[in-house]
Amino acid sequence: MTWIQSVVIAIVEGITEFLPISSTAHIKFAKAIMKMDPNDPFSNMFDIVIQFAAILAVIVLYFKRFVNFKDVSFYVKLAIAVIPALVFGALLKKHIDHILGDITIIACITLAGGIILLFVDNWFKKSVVHREEDITYQQALKVGCFQVLSILFPGLSRSASTIIGGLATRLDRKVAAEFSFFLAVPTMAAATVKELYDTYKHTPEVFHSTNTSMLLAGCGIAFIVSLVAVKSFITYVQKHSFRAFGVYRIIAGTAVLVMIYTGIINKTGDPSSVSSTTAAVVPATHLQVAQTR
């Protein structure tokens, strides 16, 4: 991973983490377009850790909510909601790795998720919960169960699945989005700790000074970009539906499938599998520009 690649990935993460368009899918797409090695242990750890850095933006923006120790129910709701993801994440690790290794599947899931978002507002029109404090433990568990969908279908988007879960349990759009943000904190904290431990256990040599500096810089960039993304997203969903995100996902998924079909990128994201002819026609600099779309 180069410094330029790390900055691009961090910006992509910061923008997409809280939007219902899947940060994981976009990182995979960006890495494939930039011809990055999908099996690089540092790069894969970088993807997870900067997601947690982006999630920290939620704690800053909702600091009073996270440090309100008088309201123990808030923490209980998060604990209840995160349990399904922890259980299924551990049980389905091989399944997750298989899906994440095939960009074609991720692109198809991205497209399918877009179709769902076109209609989700019509499916769940009536909302009765307009404050996070009024979410029940049962509703929190249901939202947590919906989060499992993003594990079963990597690329669906953790944010999208939990927001849809919130709407299905009759939370309004703002509350559903905010609870999705809150739930991301324990979910990504657990994922980050495990990823750091596994990487240090199996490939400790990747923690040299250059990589560490790159990781810290990536975390800072993802965090700053996420601060803007969260505030903008909340403002948007209070006035608009999720249809625009559905349209975007359909376009993005289709574009990636076209790039795979035409040989611009390989479905595994492995640059060594792309033909030399294609590489000559679409040089790396052009591909990096294309990623900024």
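Contact here means heavy atoms within 4.5 Å. Keep that in mind for the close-ups below, which all come from a predicted model.

**View 1. Q139 and the residues around it.**
Let's start with Q139, which sits in helix 8, a stretch running over residues 137-147. Leaving out residues up to four places away in sequence, Q139 touches V129, D134, T169 and L171. Its side chain also reaches back to T136, coming 3.0 Å from that residue's backbone nitrogen. Is Q139 buried or exposed? With a relative accessible area of 14%, Q139 is buried, because the cut-off for that word is under 20%.

**View 2. Helix 10, wrapped up by its surroundings.**
Next up is helix 10, where 10 of the 11 residues are buried, so this helix is largely enclosed by the rest of the structure. The buried ones are R158, S159, A160, S161, T162, I163, I164, G165, G166 and L167. What do they pack against? Their partners are helix 7, helix 8, helix 9, helix 11, helix 12 and helix 13, the last of these covering residues 243-261. Look at the N-terminal end of helix 10 too: S157 caps it, with a side-chain oxygen 3.3 Å from the backbone nitrogen of S159.

**View 3. Two loop residues with a positive phi.**
Here's a backbone detail to look for. Most residues other than glycine have a negative phi. K35 goes the other way, with a phi near 60°. You'll find K35 in the loop between helix 2 and helix 3. At 21% relative accessibility, K35 counts as partly exposed. R170 also has a positive phi, near 75°, and R170 comes just after helix 10, in the loop that leads on to helix 11. R170 is partly exposed, with a relative accessible area of 39%.

**View 4. The largest nonpolar core.**
Now for the greasy part: the largest nonpolar core has 37 residues, and F181, F182, F233 and F242 have the most contacts inside it. Which elements give two or more residues to this core? They are helix 3, helix 5, helix 7 (103-123), helix 8, helix 10, helix 11 and helix 12 (209-237). Helix 11 gives the most, with 10 residues. Zoom in on F233 and, leaving aside its neighbours within four places in sequence, you'll see contacts with F18, L19, P20, I163, A177, F181, F242 and F245. Apart from this core lies another one of 19 residues, among them I9, V12, I27 and A30.

**View 5. The largest pocket and its lining.**
Last stop: the largest pocket, which holds about 1600 Å³ of space. How many residues line this pocket? There are 47, and those nearest its centre are I48, I96, D97, L100 and E195. Seven helices each supply at least two lining residues: helix 2 (23-33), helix 3 (41-61), helix 5 (72-91), helix 6 (93-100), helix 9 (149-152), helix 10 (158-168) and helix 11 (173-202). Helix 11 gives the most to this lining, with 9 residues. Sorted by class, the lining has 17 nonpolar, 20 polar and 10 charged residues. So which helix should you recognise from the previous view? Helix 11 gives the most to the largest nonpolar core, and helix 11 also gives the most to the lining of the largest pocket.

Methods:
Residues are numbered from 1 along each chain as its sequence is written. This is a predicted model: local features need pLDDT of at least 70, side-chain atom pairs count only at pLDDT 80 or more; totals for chains, interfaces and linings use all residues. Side-chain values use heavy atoms; hydrogens and water are left out. Helices (H or I, at least four residues) and strands (E, at least two) are DSSP runs, numbered from the N terminus. Buried means under 20% relative accessible area, exposed over 50%, partly exposed in between (1.4 Å probe, protein chains only). A polar contact is a pair of N or O atoms within 3.5 Å; within protein, one must be able to donate a hydrogen and the other to accept it, and residues adjacent in sequence count only if both atoms are side-chain atoms. On a 1 Å grid over the protein atoms alone, a cavity is a set of points where a 1.4 Å probe fits but cannot get out, and a pocket is an open set with protein on both sides within 12 Å along at least five of seven lines; lining residues have an atom within 4 Å of a point. Grid points are joined across faces, edges and corners, and a volume is the space filled by probe spheres set on the points. Ala, Val, Leu, Ile, Met, Phe, Trp, Tyr, Cys and Pro count as nonpolar, Asp, Glu, Lys and Arg as charged, and the others, Gly among them, as polar. A nonpolar core is a set of buried Ala, Val, Leu, Ile, Met, Phe, Trp, Tyr and Cys residues joined through side-chain atoms within 4.5 Å.
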